[in-house]
Amino acid sequence: MLTYNMEARGRLSLYEYLYRRLRDDILSGALAAGERLPSKRALAEHLQISVITVEGAYRQLEAEGYVDTRPRLGFFVSPVDRTPAAPAIKTSIPAQPEAPAWKLDLKSGQIDPSCFPSALWARLTRQVLSEGGHLAPVPPQGLSILRQAIAKDLRDFKGMAVSPEQIVVGAGAEYLYLLLVQLLGRETVFALEDPGYPKIRQVYGKWGALCRPIPLDGQGMALEPLYESGATAVHLSPAHHYPTGIVTPIARRQALLRWAEKTDGIIIEDDYDSEFRFTGRPIPTLQSIDTCERVIYMNTFSQTISPSMRVGFMVLPPHLLERWRKELGFYASTVPALDQHVLARFLGGGGSPAGSWYEQHLSRMRKKYRLRRAAILDAFSACPFTAAVTDRGAGLHFLLRLNTEENDEALRQKAEGLGVRLGFLSEYAVIPKAAYNHILVVNYAGLNVERLSEAVELLSEVFMTSLQPKRPAGPPRPGGSGPAPFDPGQSSLPE
């Protein structure tokens with residue numbers, strides 16, 4: 001009769017301990033294939049446990065294939081591979097390092113968390129939860145009410161006449177990049193702005209697509225290198241390029257559309273922060289002047305509401321929408337139904353003379369960021385480490401040329417040692433140029449004005465060992481004078 005010391009089970013239940021001992025005996029060969037196990041009642045009496053405990057262990061062994069039952073005969077050991085398992089190799093898996101707690105972070109595209117409409121968002125969330133609509137299935141392109149709200153916003157504020165059926169909602173820009181490379185095909189040659197946002201190149205490249213860096217001139221992506229690249233798709237940000245801040249004028253936009261027509265190409269218009277324009281009127285989108293269905297428009301709510309929302313969308317031309325539905329329509333929506341319902345109400349609700357809740361929210365953010373931008377520009381411009389500032393009057397970042405000869409990597413490492421995270425223009429370039437050195441990309445939205453003096457002190461400490469005499473001319477101002485703004489088409493920075 002099988003004998004096990006049931007008192008040695010430790011914290012295991014009787015059933016679990018008996019199951020493991022029987023399993024180990026089967027794997028070790030102590031119980032041979034075809035051998036009959038004791039009856040449940042006999043083993044229970046022998047071990048002084050309940051029949052139910054024995055039956056539970058036997059049934060688990062049967063479920064996993066270690067034993068089989070024969071009618072009116074009982075349980076028998078099944079043939080199993082008794083090759084001894086290799087001893088487990090103990091490996092030390094390092095923990096994922098925690099993100100540093102930076103004293104000052106000018107590289108991340110943060111927003112001011114105090115701008116988030118928490119009370120309203122909570123109220124809308126409670127409404128949706130009480131109505132229960134968030135439990136219904138979500139179509140692959142996203143909820144119809146959300147797509148209708150997005151289409152209305154694009155029509156009212158960007159002059160884009162698009163149907164809600166053209167809109168595909170997805171979990172942020174990077175997910176949409178994944179869909180685009182699958183939609184257009186891995187054989188697509190993507191022309192990307194250089195310098196440019198590195199994740200675009202990383203996502204397309206990981207999917208096996210060929211990416212060609214195209215240099216910029218003072219008006220955006222340079223045309224001659226684009227034609228020579230053999231690209232079949234262009235990904236660009238004409239409203240406000242990151243990181244240079246260049247705004248592509250209408251003549252260059254029209255020339256890019258002509259390129260698409262001549263080459264049968266596609267333009268991906270990444271309109272990531274065009275809502276924040278502080279001087280002049282909003283720039284019309286490429287999509288709104290496209291008459292040949294060559295432009296895919298995409299945007300997110302990361303800058304306008306919160307990066308943690310991970311909600312973006314793209315507007316597909318009709319012929320590409322048909323292809324998407326046929327080839328990629330099997331993908332489930334990646335944005336939770338609750339988030340889509342709440343966002344749809346936020347975009348379309350309110351109904352006051354001041355506009356929808358979303359319009360009012362954007363108005364408050366523009367005012368707050370305009371004041372913050374002015375204060376930060378004034379403070380940084382007066383610093384001895386500043387040689388010039390390039391500010392395009394749009395977006396949530398600007399360029400600051402440093403009064404230094406020390407290389408960017410040495411400055412970055414020194415800054416990190418002091419708890420400061422910096423991003424340099426040279427980091428965003430595939431093809432290095434001397435013109436990109438010593439230029440700081442300042443993302444200012446997450447910088448608290450109350451801590452501005454502390455930020456200046458930290459930056460002064462980073463750059464104090466490499467200061468050069470301060471240039472007499474001040475930084476450029478919208479409509480003012482000063483050093484010429486940075487032009488990435490030049491081989492060297494303007495003096």
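In this predicted model, Gln166 counts as buried, since its relative accessibility is 14% and the cut-off for buried is under 20%. The residue sits in the loop that links helix 5 to strand 4. From there, the Gln166 side chain reaches the backbone oxygen of Leu316 at 3.0 Å. Setting aside neighbours within four places in sequence, the contacts of Gln166 also take in Gln141, Met314, Val315, Pro317, Pro318 and Leu321.

The two elements on either side of that loop lead straight to the sheet. Here eight strands form an open sheet, with mixed pairing and the order 4-11-10-9-8-5-6-7. Strand 4 (167-170) and strand 7 (220-221) are the edge strands; each has a single partner strand, so one side of each is left without a neighbour in the sheet. Helix 5, made up of residues 144-158, packs on this sheet and touches strand 4, strand 10 (295-300) and strand 11 (312-315). The direction of helix 5 makes about 115° with that of strand 4. Elsewhere in the sheet, strand 5 (residues 189-194) and strand 6 (residues 210-217) run parallel and are joined by six bridges. Within this pair, Glu193 stands opposite Ile214 of strand 6.

Next come the cores. In soluble globular proteins, nonpolar side chains tend to be buried together. The largest nonpolar core here has 64 residues, and Tyr369, Phe380 and Leu422 have the most contacts inside it. Apart from it lies another core, this one of 28 residues, including Ala233, Ile266, Leu316 and Leu321. Two of these names are already familiar, as Leu316 and Leu321 are both in contact with Gln166. Back in the largest core, Leu422 touches a varied set of residues beyond its neighbours within four places in sequence: Leu106, Lys107, Arg412, Ala415, Glu427, Leu440, Leu459, Val462 and Phe463.

Arg412 and Ala415 from that list bring helix 13 into view. Helix 13 covers residues 408-417, and its buried residues are Asp408, Leu411, Arg412 and Ala415. These four lie on the same side of helix 13, because they cover an arc of only 100° around the axis. Among the elements covering them are strand 13 (397-402), strand 14 (420-421) and helix 14 (452-463). As for the ends, a side-chain oxygen of Asn407 comes to within 3.1 Å of the backbone nitrogen of Glu409 at the start of helix 13. After the helix comes Gly419, with a positive phi near 80°.

Technical notes:
Residues numbered from 1 in each chain as written. Predicted model: local features only at pLDDT ≥ 70, side-chain atom pairs only at ≥ 80, totals over all residues. Heavy atoms only, no water. Core = buried A, V, L, I, M, F, W, Y, C linked by side-chain atoms within 4.5 Å. Buried < 20%, exposed > 50% of the residue type's maximum accessible area, 1.4 Å probe, protein only. Contact = heavy atoms within 4.5 Å. Helix = DSSP H or I, 4+ residues; strand = E, 2+ residues; numbered from the N terminus. Arc of directions from axis to C-beta. Polar contact = N/O pair within 3.5 Å; in protein donor to acceptor, adjacent residues only side chain to side chain. Pairing = 2+ DSSP bridges. Axes fitted to C-alpha atoms, helices over the stretch in contact; angles between N-to-C directions.
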